[in-house]
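Reader: Please present the model, and then let us discuss how its parts pack together.

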Amino acid sequence: LNLGIGETRAKMATVRVTNIAPSVDEAALRDFFGFCGAIQKIEFLTSEERRDLGELSEEQEASEMAHVTFETHEGAAMAKLLP
């Protein structure tokens, strides 16, 4: 997984997660990141959305990408520390 803190809204912070195995679903991401803090939402990006962001190469077509929005910046910062 590759993580990067993205845009923030109010006290929430969004972490971009890339190189996710296609078998990983929202429940697995909630389980993996849950100890970092309360998660407001998880959004998987479509291939079209990833192309628009310039984040879809041939190598990445077999992997998924998601935005994980935490209720606090601290939650996002802790998620960023994960390997």
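**Aromatic pairs and the nonpolar core**

Author: A search of the whole structure finds two aromatic pairs. Rings of Phe, Tyr and Trp (its six-membered ring) pair if their centres lie within 6.5 Å; planes under 30 degrees apart count as stacked, over 60 as edge-to-face and the rest as tilted. This is a predicted model, in which local features need pLDDT of at least 70 and side-chain atom pairs count only at pLDDT 80 or more, while totals for chains, interfaces and linings use all residues. Residues are numbered from 1 along each chain as its sequence is written, and side-chain values use heavy atoms, with hydrogens and water left out.

Reader: What is the geometry of the pair formed by Phe32 and Phe33?

Author: The ring centres of Phe32 and Phe33 lie 4.9 Å apart. Their planes stand at 90°, so the pair is edge-to-face.

Reader: Which residue pairs with Phe33 across 37 residues of sequence?

Author: Phe33 takes part in another edge-to-face pair, at 6.3 Å centre to centre and 80° between the planes. Phe33 lies in helix 1 (residues 26-33) and its partner in strand 4, so the pair ties together parts that are 37 residues apart in sequence. Helices (H or I, at least four residues) and strands (E, at least two) are DSSP runs, numbered from the N terminus. The partner is Phe70.

Reader: Among the clustered rings of Phe32, Phe33 and Phe70, is Phe32 buried, partly exposed or exposed?

Author: Buried means under 20% relative accessible area, exposed over 50%, and partly exposed in between (1.4 Å probe, protein chains only). Phe33 is buried at 0%, and Phe70 is buried at 0% as well. Phe32 has a relative accessibility of 35%, so its class is partly exposed.

Reader: Which element supplies the largest share of the largest nonpolar core?

Author: A nonpolar core is a set of buried Ala, Val, Leu, Ile, Met, Phe, Trp, Tyr and Cys residues joined through side-chain atoms within 4.5 Å. The largest one has 15 residues, and Phe33, Val68 and Phe70 have the most contacts inside it. At least two residues each come from strand 2, helix 1, strand 3 (39-44), strand 4 and helix 3 (73-80). The largest share, four residues, is that of strand 2.

Reader: Within what arc do the buried residues of helix 3 fall?

Author: The buried residues of helix 3 are Gly75, Ala76 and Ala79. The arc is that of the directions from the helix axis to the C-beta atoms. Seen down the axis, these residues line one face of the helix, because they fall within an arc of 95°.

Reader: How far apart in space are Ala38 and Gly75?

Author: Ala38 is in the loop between helix 1 and strand 3 and is partly exposed at 43% relative accessibility. Beyond four places in sequence, Ala38 is in contact (heavy atoms within 4.5 Å) with Phe70 and Glu71. Although 37 residues separate Ala38 and Gly75 in sequence, their C-alpha to C-alpha distance is 7.1 Å.

Reader: Where in the protein is confidence lowest?

Author: The predictor's confidence in each residue is its pLDDT, from 0 to 100. The protein averages 82, and 77% of the residues score at least 70. Confidence is highest in helix 1, at a mean of 96, and lowest, at 51, in strand 1 (residues 2-9).
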